[in-house]
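User: I should like to go through some of the terms applied to this structure and the criteria behind them. Please set each value against its definition.

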Amino acid sequence: RCADALRFRPISFAFQFISTITLVLLLFATPEIEALLPRLADGGHPMLTWLPTVWLLGLYQDMLGGAIPVFHAMAARAVTALLAAGGASLALFLASYRRCVRRIRESAESEAQEPARLRRFVVTWFDRYVLDQPFDRACFHFAMRTLSRSRRHRLLMAGFAGLGVSVALQDAAAGRSTALHAVGALPAANLFAAPLAILFFLLTGLRFIFDLPAELPANWTFQIAVRARAEAARRVAKKLMLLWIVPVAIASLIVYGTIWGVRVGVAEAGFLLLAALILSEVLLLDYAKIPFTCSYYGPKHNAGVTLAIYLLAFFLFSPGLASLEHWTLALKNPAPLPALTSLLVVGWIALRRRAREGAGSGRQIVFTDEPEPIVLTMDLR
């Protein structure tokens, strides 16, 4: 029955998301893995023997001939894994196609099961207290369904998440020596930078995929039904970003509070929340689109300049703010920490005021993103 396909959909989404993050992690870890390969023959680093990339390397060396015994074993494991993956894929495809694929387009929505009681409670509470406007509820749930159902959007989001996790793991590895300290010790600045890196890539990734339309020919429904201003669309985008910010802040509170004490945990969670709110305000300055509903003609600025700006913003946001936070917590005088917090709050309020002033101009929501003109007239008449 197609209800089985509906139950399989969230499993498939989670598997694709995790697989994409894992592939990005392996891509960034390849230089470090290469440096450890000479020790593989001596039995060092046994965890390397569980990496599929090492299996395929062993298969490649075995095909060239003259491989060392450990690569023979890796080659056999690679062949076994490839045959198992191919067989499982074929079996699942045949089973799912015969039962569901022929009718899934017509019956997927009609046979949807009632959501669980806990989920209904969470959605009802969120709609009542966070999405208090009908416009917010409609656009928010449309965007969430797009993220969960559109393969292109979720794979792009998984790629950005994988970049963030890769950088965070490198930061954590650089500061892992302090993880063994007793409760109450102060972690290294690199450990403060790890969650900031994750948030940076999550928020910039969201801002990027907001511009990619889900089904452009269908955006006429928004055009004829929406009478809201650009500020309303910007408000929805901020709430979508907040949905990704809060779990990272809560996880940081638990992890840092458990290992390094309540003071460090609360300071880290509060600092993350303020920094992420400021970043979201910056990313959404002059934003005037409902996510996933506007045409996209590619970047309007030089790609090299844009990349340089984002790299500079990353170093200021993650290593820069982490070093500043570490410095304030390391001081015996507690005054700098409230001063830094107050400075972040003032910056956040200033950005919100700037956004309100822009909204006061009555700017309409944009549904057609015009490309750059071939000939720049410089407004000459």
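User: What is the handedness of the crossing of α6 and α10?

Analyst: The model is predicted, with local features requiring pLDDT of at least 70, side-chain atom pairs counting only at pLDDT 80 or more, and totals for chains, interfaces and linings using all residues. Residues are numbered from 1 along each chain as its sequence is written, and side-chain values use heavy atoms, leaving out hydrogens and water. The crossing of α6 and α10 is right-handed: the near helix is turned clockwise from the far one by less than a right angle.

User: Why is α6 called oblique to α10?

Analyst: Helix α6 (residues 134-149) packs against helix α10 (residues 230-260) at about 50 degrees, with the axes 10 Å apart. Oblique covers angles that are not under 35 degrees (roughly parallel), over 145 (roughly antiparallel) or 65 to 115 (roughly perpendicular); therefore α6 is oblique to α10.

User: What makes the pair of Trp 125 and Tyr 129 tilted?

Analyst: Their centres are 5.7 Å apart and their planes 45 degrees apart. Rings pair if their centres lie within 6.5 Å, and tilted planes are neither under 30 degrees apart (stacked) nor over 60 (edge-to-face). Trp 125 and Tyr 129 are four residues apart in helix α5 (residues 117-129), so about one helical turn separates them.

User: Why is Trp 125 called partly exposed, and why is Tyr 129 called exposed?

Analyst: Buried means under 20% relative accessible area, exposed over 50%, and partly exposed in between, with a 1.4 Å probe and protein chains only. Trp 125 has 44% and is therefore partly exposed; Tyr 129 has 55% and is therefore exposed.

Conventions. Axes are lines fitted to C-alpha atoms, for helices over the stretch in contact, and angles run from 0 to 180 degrees between N-to-C directions. Helices (H or I, at least four residues) and strands (E, at least two) are DSSP runs, numbered from the N terminus. Rings of Phe, Tyr and Trp (its six-membered ring) pair if their centres lie within 6.5 Å; planes under 30 degrees apart count as stacked, over 60 as edge-to-face and the rest as tilted.
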